[in-house]
Amino acid sequence: MMISRRAFSTALLAGAAASLVSTRGMAASATPVKARNVVLVHGLFADGSCWTEVIARLQAAGLNATSVQNPLTTLPEAVASAERVLARQDGPTVLVGHSFSGMIVTEAGVHPNVSALVYVAARAPDAGEDYTALAKTFPTPPASAGIVFDGDEGRLSEEAFLRDFAGDLPAAKAKVLYAVQQPFHKALLTGKTAHAAWRTKPSYYAVSTEDRTINPDLERFMAKRMGAKTIEVKASHLSLISQPEEITRLILEAAGQQA
């Protein structure tokens, strides 16, 4: 049976489009291997202790959890700190990032020990993408106005921290977290990822629906673009503290473990 040139061209384009969608969605459809190791990375305005609630639950489930102390200096140095921890793991490892550390997960996630990625209200850039430019295509979240600098070091003001970063936590607990926030260097914000691990690794995303630090619609856009298994959590930017059960369940799913 003869086929017209137009029909052939249409079929060819359709096949190419299907191939592109299939490639982009590969990470979402892939089933993660069973992992007993979890490496967690914190973002701006925090330190490694912000994962305490999640770590306790992962340990109770029998997993080995390690929280990276992100130096918040430059992206290469932050990635290197995560890679050193990943290299110490003895098998398949779920790499989890909150907020800014989604940049680190996206870059360091290509490490051979990483079996799956979890983004918690986190940045998820493509390779070489200008995240700041991407973020500007969405309404600016309130927390951005609360960033103050002392020379090259930035931090969040107490008012912005309590209202826009940790808005659903008890005030006393939020004030303790504010007291231990780690300042970041301006140079950190200029870094771009050279790789996008979510294109080749099973990926999961927890959107914070009440987020005032990263626009929730930007989170949804990034999660959809990567083809991630996505959940929505009614929480502030700190869902890992206010809703640790839900975040832990998502990590356990990424680890191929029963919640």
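Strand β6, residues 153-156, pairs with β7 in the antiparallel sense, and 2 bridges hold that pairing in this predicted model. One of the contacts to look for is G154, whose bridge partner in β7 is F184. On the β5 side, β6 again runs antiparallel, this time joined by 4 bridges. Here D150 has E153 as its bridge partner in β6.

Put together, that gives an open sheet of 3 strands in the order β5-β6-β7, with antiparallel pairing. The edges are β5 (147-150) and β7 (184-185), each of which pairs on one side only. Between β5 and β6 the chain makes a hairpin with 2 residues between the strands, and G151 in that hairpin has a positive phi near 65°.

Two other glycines are worth a look, both sitting after a helix. Here they are alongside the hairpin one:

| Glycine | Where | Phi |
|---|---|---|
| G151 | hairpin of β5 and β6 | positive, near 65° |
| G62 | following α3 | positive, near 90° |
| G227 | just after α9 | positive, about 70° |

Now for the helices themselves. In α3, which covers residues 52-60, the buried residues are V54, I55 and L58. Looking down the axis of α3, these buried residues fall within an arc of 100°, so they line one face of the helix. What do the buried residues of α3 pack against? Their partners are two strands, β1 (37-41) and β2 (64-68), plus two helices, α10 (239-242) and α11 (244-254). At the end of this stretch, α3 is followed by G62 with its positive phi.

Helix α9 spans residues 216-226, and its buried list reads P216, L218, E219, M222, A223, R225 and M226. Notice that E219 and R225 are on that list, along with M222 and M226. Which residue caps the N-terminal end of α9? That job goes to N215, which places a side-chain oxygen 2.8 Å from the backbone nitrogen of D217. At the other side of the helix, just after α9, comes G227 with its positive phi of about 70°.

Finally, how far to trust all this. The mean pLDDT of the protein is 90, and 88% of its residues reach 70 or more. The stretch to be careful with is residues 1-23, where pLDDT stays under 50. For those residues the model has 2 contacts beyond four places in sequence.

Notes:
Residues numbered from 1 in each chain as written. Predicted model: local features only at pLDDT ≥ 70, side-chain atom pairs only at ≥ 80, totals over all residues. Heavy atoms only, no water. Pairing = 2+ DSSP bridges. Buried < 20%, exposed > 50% of the residue type's maximum accessible area, 1.4 Å probe, protein only. Polar contact = N/O pair within 3.5 Å; in protein donor to acceptor, adjacent residues only side chain to side chain. Arc of directions from axis to C-beta. Contact = heavy atoms within 4.5 Å. pLDDT = per-residue confidence, 0-100.
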